[in-house]
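Work through these exercises with the model open in your viewer. Each task is followed by a stepwise solution.

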Amino acid sequence: MTHPAPLASANLSPRADVLARIAAAARSAGRDRSDTALVAVSKQQPWSRIRSVLDDGQRIFGENRVQEALDRWREVRAELADLELRLIGPLQSNKALDAVTHFDVIEVLDRPKLARAITDAMSSTGRTPRLYVQVNTGEEPQKSGVRPDALDAFLLALRRDFGLTAEGLMCIPPAAEPAGLHFALLAKLAARNGLERLSMGMSADFETAVRFGATSVRVGSALFGARAADAPAL
Ligand SMILES: *Cc1c(COP(=O)(O)O)cnc(C)c1O
């Protein structure tokens, strides 16, 4: 380890600790710490824990279910102008209207039918959430996301058929494989398509993701503690 833990770390809040780890990883990769945003993944967490992370200054949150997010954030959102909500879990086309209405960023765009539903929801609401294309870097049959070899054509179709431009790419690597390989692949796919944003890295591997160029990391349990029930398979 080239970075001994600072002596004060025991006194840092979980959020300050995660931010310090992001900063250290950025430094070791020659990146600026401010180039990686922390997305606090609040799915399945009790409100008391979310409240304390909010009180600590966190403003970007990730949720994986539209309805859970609506129930939880509707009121707070009206009070906090700088709150940013990101949808990071699978989205059914018939929930696109709710997603477009209530989220600032949708990170799970991965098929034409969903692109159509999002486009329709954008024109009916006048809202334009930022979009990420989810890439199934591990080509796992049960997982959402565009396969790497289909990505370039999908991005082209988004622009041509729907007038949509993705801001970046998102991936969830297979649990059993070294995440760095998948982060490197996602970075390569983004560069090839002129995309500058990369949503990658979770509690177990966000420092690796920062080294591979993540512009946002999605951190749940390392910030909030273990979830009551583990997340359903993605
Ligand atoms: C749950 C979840 C996370 C956060 O997972 P942790 O391991 O708790 O940090 C990140 N990204 C997605 C897509 C998730 O569903």
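The model is predicted.

**Exercise 1. The ligand shell**

Task: Sort the residues of the shell around the ligand into nonpolar, polar and charged, and find which come nearest.

Solution.
- Step 1. Sort by class. The shell around the ligand divides into seven nonpolar, three polar and three charged residues.
- Step 2. Rank by distance. There are 13 residues around the ligand, and K43, S203, G220, S221 and R227 come nearest.

**Exercise 2. Polar contacts and cover**

Task: Find which atoms of S203, S221 and R218 pair with the ligand, taking 3.5 Å as the limit for a polar contact between N or O atoms.

Solution.
- Step 1. Take S203. A polar atom of the S203 side chain sits 2.5 Å from a ligand oxygen.
- Step 2. Take R218. An N or O atom in the R218 side chain is 2.9 Å from a nitrogen atom of the ligand.
- Step 3. Take S221. Here the partner is a polar backbone atom, 2.8 Å from an oxygen atom of the ligand.
- Step 4. Add the cover. On its own the ligand has 390 Å² of accessible area, and the protein covers 94% of that.

**Exercise 3. Helices α5 and α6**

Task: Describe how α5 packs on α6: angle, axis distance and handedness.

Solution.
- Step 1. Locate the helices. α5 spans residues 112–125 and α6 spans residues 151–162.
- Step 2. Read the geometry. The angle is about 35°, and the axes are 11 Å apart.
- Step 3. Assign the hand. The crossing of α5 with α6 is right-handed.
- Step 4. List the contacts. α5 contributes P112, A115, R116 and T119; α6 contributes F154, L158, D161 and F162.
- Step 5. Classify them. This contact has five nonpolar, one polar and two charged residues.

**Exercise 4. Helices α2 and α3**

Task: Repeat the analysis for α2 (residues 47–55) and α3 (residues 66–79).

Solution.
- Step 1. Read the geometry. The two axes come within 12 Å and cross at roughly 35°.
- Step 2. Assign the hand. α2 and α3 make a right-handed crossing.
- Step 3. List the contacts. W47, I50 and L54 of α2 meet R72, W73 and V76 of α3.
- Step 4. Classify them. The contact of α2 with α3 has five nonpolar residues, no polar ones and one charged.

**Exercise 5. Positive phi**

Task: Where do Q44 and E139 lie, and what is the phi of each?

Solution.
- Step 1. Recall the background. Most residues other than glycine have a negative phi.
- Step 2. Check Q44. Its phi is positive, about 55°, and Q44 is in the loop between β1 (37–41) and α2.
- Step 3. Check E139. Its phi is also positive, near 50°, and E139 lies in the loop between β5 (130–135) and α6.

Key:
Residues are numbered from 1 along each chain as its sequence is written. This is a predicted model: local features need pLDDT of at least 70, side-chain atom pairs count only at pLDDT 80 or more; totals for chains, interfaces and linings use all residues. Side-chain values use heavy atoms; hydrogens and water are left out. A residue is near a molecule or strand if one of its heavy atoms lies within 4 Å of it. A polar contact is a pair of N or O atoms within 3.5 Å; within protein, one must be able to donate a hydrogen and the other to accept it, and residues adjacent in sequence count only if both atoms are side-chain atoms. Accessible areas come from the Shrake-Rupley method with a 1.4 Å probe; for residues, only the protein chains shown count as cover. Ala, Val, Leu, Ile, Met, Phe, Trp, Tyr, Cys and Pro count as nonpolar, Asp, Glu, Lys and Arg as charged, and the others, Gly among them, as polar. Axes are lines fitted to C-alpha atoms, for helices over the stretch in contact, and angles run from 0 to 180 degrees between N-to-C directions. Helices (H or I, at least four residues) and strands (E, at least two) are DSSP runs, numbered from the N terminus. A crossing is left-handed if the near helix is turned anticlockwise from the far one by less than a right angle, and right-handed if clockwise. Contact means heavy atoms within 4.5 Å.
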